[in-house]
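Work through these short exercises with the sequence and the 3D view open. Try each task before you read its solution.

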Amino acid sequence: MDGYDEDNIFAKILRGEIPCDRVYEDEYVLAFNDIAPKAPVHILVIPKGPYVSIDDFGANASPEESKALFAAVSKIANEKGIAQAGFRSITNTGDNGGQEIAHFHMHIIGGAPVGPMVAE
Ligand code: 5GP
């Protein structure tokens with residue numbers, strides 16, 4: 001993917017230019033409800049840093065940013081009560097991955113069986 005676009009929707013949410021339904025926040029991470037939920041629980045977890053994708057994040061995030069993102073996924077899943085029954089955490093990357101917004105985000109999807117991982 002190309003370089004980071006400061007005008008992507010999640011950058012605007014991080015700057016407070018458009019609202020979000022916040023679920024969790026710390027120094028490195030913001031999480032909020034997806035605007036078009038695909039399951040009873042559908043939360044997006046994003047780093048506050050300007051990373052385009054998991055490819056970019058994996059290569060360039062600091063250990064603190066990386067740890068905070070995964071810790072947030074765990075905290076949120078437990079706080080929402082979906083960890084025990086199970087849930088899906090996915091990140092779409094680039095064109096073939098179906099990524100619509102070019103700011104790295106992890107989907108947490110659960111609260112009910114979420115079906116097959118990939119459409120057949
Ligand atoms: P992607 O396809 O990039 O993996 O996922 C983007 C997700 O962002 C989609 O699930 C979509 O519903 C969600 N989304 C798009 N625009 C907004 C928005 O303005 N606010 C929130 N909360 N979610 C959004």
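**Exercise 1. Find where the ligand sits, and which elements surround it.**

Solution. Start with the site: the ligand sits in the largest pocket. A pocket is an open set of points on a 1 Å grid over the protein atoms alone, where a 1.4 Å probe fits, with protein on both sides within 12 Å along at least five of seven lines. Sitting there requires more than half of the ligand's atoms to lie within 2 Å of the pocket's grid points. Next, the elements: α1 (9-14) and β2 (29-33) each give two or more residues to the shell around the ligand. α1 gives the most, with three residues. Helices (H or I, at least four residues) and strands (E, at least two) are DSSP runs, numbered from the N terminus.

A note on the source: this is a predicted model, where local features need pLDDT of at least 70, side-chain atom pairs count only at pLDDT 80 or more, and totals for chains, interfaces and linings use all residues. Residues are numbered from 1 along each chain as its sequence is written, and side-chain values use heavy atoms, with hydrogens and water left out.

**Exercise 2. List the polar contacts of the ligand (pairs of N or O atoms within 3.5 Å).**

Solution. Take the backbone first. A backbone N or O atom of Ile 35 lies 3.3 Å from a ligand nitrogen. For Ile 101, a backbone N or O atom is 3.1 Å from a ligand oxygen. Now the side chains: an N or O atom of the His 105 side chain lies 2.9 Å from an oxygen of the ligand.

**Exercise 3. Describe the fold order of the protein chain.**

Solution. Count the elements: four helices and five strands. Then read from the N terminus: α-β-β-β-α-α-β-α-β.

Conventions. Polar contact = N/O pair within 3.5 Å; in protein donor to acceptor, adjacent residues only side chain to side chain. 1 Å grid on protein atoms, 1.4 Å probe; cavity = no way out; pocket = protein on both sides within 12 Å on 5 of 7 lines; lining within 4 Å.
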